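Open the model in a viewer and keep the selection panel at hand. The stops below say what to select and what is to be found there.

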Amino acid sequence: MKRYLLSVCYPAESTQPSPEALKRIMSDVGAVRKEMQDAGVWLFSGGLHPSSSATVLRHQDGEIVITDGPFIESKEQIGGLTILRAPDLDAAIGWARKLARALTTPIEVRPFTEYGD
Amino acid sequence: MAVLTRFLGDISLAEEAVQEAYATALARWPKAGIPPSPAGWIIATARNKALDRLRRESTRADRERAAQVLADQEESEEQEESEEHDVRDDHLRLIFTCCHPALASEAQLALTLRLLGGLTTDEIAHAFLVPVSTMAQRISRAKAKIRDAGIPYRVPEAAELPARLRAVLMVVYLIFNEGYSASSGDQLVRPDFCDEAVRLGRQLAELLPEESEVIGLLALMLLIDARRDARAAGGNFVKLADQDRDSWNQLHIEEGRYLLRICLERNRPGPYQLQAAINAVHCDARTSADTDWRQILMLYDQLMVIAPGPVVALNRAVVVAELEGADRALRLVDEIELPHYHLFHAVRADLLRRVGRSADAATEYQIAIEKCANKMERDFLVRQYRSLIRS
């Protein structure tokens, strides 16, 4: 079994969906998560506050310097993530497909390195 | 290769093992004689080489895995009768892996040529006009992604198959097109690419005989490939109307027609079958003047319904020119957006010439010549251009 990170991507300037649309999305996403849990593949998932809420720590000359984030300024932002177990990429893509349908945003699928497994 | 990739779960390891096995065969066969099943011998030897390597290089966890592989292998050796069948299934798995949508399309092409076509990295790099180091990197990155992301060696499930098969057919057809009409360079045709694509097409047809589009693609490639030599006669590009039809490959045409009849009986038309049908109509005509353009137009109309696109529209316009005149065709062409495609400009130039707008035609030929990266096609366009400005 491998582990995969499913990241929810959206443009930094994207506007919040309307309250009704958001409600539907949240319930759809909840249903996908429930399905993942029932199938025993779900490890973790969560949504993130906007990147303006981020704080960055840097190692500098032996000191740890704390600054306002985000770490990387980019148009695309990670809005949330899911970690799951899957036998291969096709299985992970199968779950990501469901998530992308529910969220209507792009999803990035990325494998974790597996040391010593 | 395909069998070992499944056993070992690693393409690079499989490749190295096969190379070693061939080297051993070269050293041993001349003295000891060729074994009764050469392919089986290579597979078994490569398997052992790979296992030796795993034992030498690996940690304990890896060794256990290798031992498991060995155990599985011994089990499978008991079922030698199904070996032949396994090889075919493994090829199918490997082609779906090489053409996985998670790989960039240029990587799909390179991997398919390397692993299923057996072309060397040098040959592929040369064909795509990129440095060998770039191509080597492209291939090794793709292999690393297959390994790290866990792209499976598996024929997709029924629900996924149509979309995944489309990607595979497209890669095979791209290889064929690159062979039949090299996008750049001095040669008009790259015969090895054509042959390779036809071979892959045959393999797919053997593996998935129920898929009409697979049969359709093979028919299409055979019918086009039949004209390969006639198209480049005397070292020059010869357009369809002027080709020596006696030099078309009749065996290919017969096979293409036979495959097309199978498709017709099934009545599940698709883009490749329709394009094959169009080419079959061309092959039916004894001379260019005998061409049944009405039939061809009808087929293009169907193609525009199921697979519309600017290139189909351009080809359809060429047929309209034959039936309803260049004037009518020119109006259709002017609605098509294909500014970067040299053939768009070549077709438009020809139509402008035919309606007597010589100055516009000359300008359009110049654009076509500028956009065309293949020397022989460019030479043809230059000849057209010169004969226009002389008259």
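**Chain B as a whole**

In chain B, 57% of the contacts with a separation of 6 or more are between residues 24 or more positions apart. This is a predicted model. Select chain B and show it as a cartoon: its secondary structure comes to 20 helices and zero strands. Turn the C-alpha trace of chain B along its principal axes, where it spans about 80 × 45 × 45 Å. Of the 391 residues in chain B, 37% are buried.

**Domains of chain B**

Next, colour chain B by domain. Domain 1 covers 1–78, domain 2 covers 82–204 and domain 3 covers 209–294. Now look at the place where domain 1 of chain B touches domain 2 of chain B: nine residues of domain 1 are in contact with 12 residues of domain 2. On the domain 1 side, select helix 1 (2–8) and helix 2 (11–32) of chain B, the elements that give two or more residues to it. Helix 1 of chain B gives the most to this side, with four residues. By class, the domain 1 side has four nonpolar, three polar and two charged residues.

**A pair of helices in chain B**

Select residues 105–116 of chain B, which form helix 6, together with residues 161–180 of chain B, which form helix 9. How do the axes of helix 6 and helix 9 of chain B cross? They come within 10 Å and cross at roughly 75°. An angle of 65 to 115 degrees counts as roughly perpendicular, and helix 6 and helix 9 of chain B are therefore roughly perpendicular to each other.

Show side chains at the crossing. From helix 6 of chain B come B:Gln108, B:Leu109, B:Thr112 and B:Leu113, and they meet B:Val171, B:Leu174 and B:Ile175 of helix 9 of chain B. The residues of this contact between helix 6 and helix 9 of chain B divide into five nonpolar, two polar and no charged.

**The sheet of chain A**

Move to chain A and select strands 2, 5, 1 and 6. In that order, 2-5-1-6, the four strands make an open sheet with antiparallel pairing. Strand 2 (42–47) and strand 6 (107–111) of chain A stand at the edges with a single partner strand each, so one side of each is left without a neighbour in the sheet. On average, and with direction ignored, neighbouring strands of this sheet are turned by 20° against each other.

Within the sheet, pick strand 1 (residues 2–11) and strand 5 (residues 76–86) of chain A; they run antiparallel and are joined by 10 bridges. One place to centre the view is A:Tyr4, which stands opposite A:Leu84 in strand 5 of chain A.

**A hairpin in chain A**

Select strand 3 (residues 55–60) of chain A. Is this strand buried or in the open? The number of its six residues that are buried is zero, so strand 3 of chain A lies largely in the open. Add strand 4 (residues 63–68) of chain A, which runs antiparallel to strand 3 and is joined to it by six bridges. A:Gln60 stands opposite A:Glu63 in strand 4 of chain A. The hairpin of strand 3 and strand 4 of chain A has two residues between the strands, and in it A:Asp61 takes a positive phi near 50°.

**Where the chains meet**

Last, show both chains. Their contact takes six residues from chain A and seven residues from chain B. On the side of chain A that touches chain B, the residues divide into two nonpolar, one polar and three charged.

Note on methods: Residues are numbered from 1 along each chain as its sequence is written. Chains are lettered from A and ligands numbered from 1 in the order in which they are written. This is a predicted model: local features need pLDDT of at least 70, side-chain atom pairs count only at pLDDT 80 or more; totals for chains, interfaces and linings use all residues. Two residues are in contact if their C-beta atoms, placed from the backbone, lie within 7 Å. Ala, Val, Leu, Ile, Met, Phe, Trp, Tyr, Cys and Pro count as nonpolar, Asp, Glu, Lys and Arg as charged, and the others, Gly among them, as polar. Axes are lines fitted to C-alpha atoms, for helices over the stretch in contact, and angles run from 0 to 180 degrees between N-to-C directions. Angles under 35 degrees count as roughly parallel, over 145 as roughly antiparallel, 65 to 115 as roughly perpendicular and the rest as oblique. Domain bounds come from an automatic or database domain assignment. Two strands pair if DSSP finds at least two bridges between them. A residue is buried if 20 or more other C-beta atoms lie within 10 Å of its own, exposed if 12 or fewer, and partly exposed in between; C-beta atoms are placed from the backbone.
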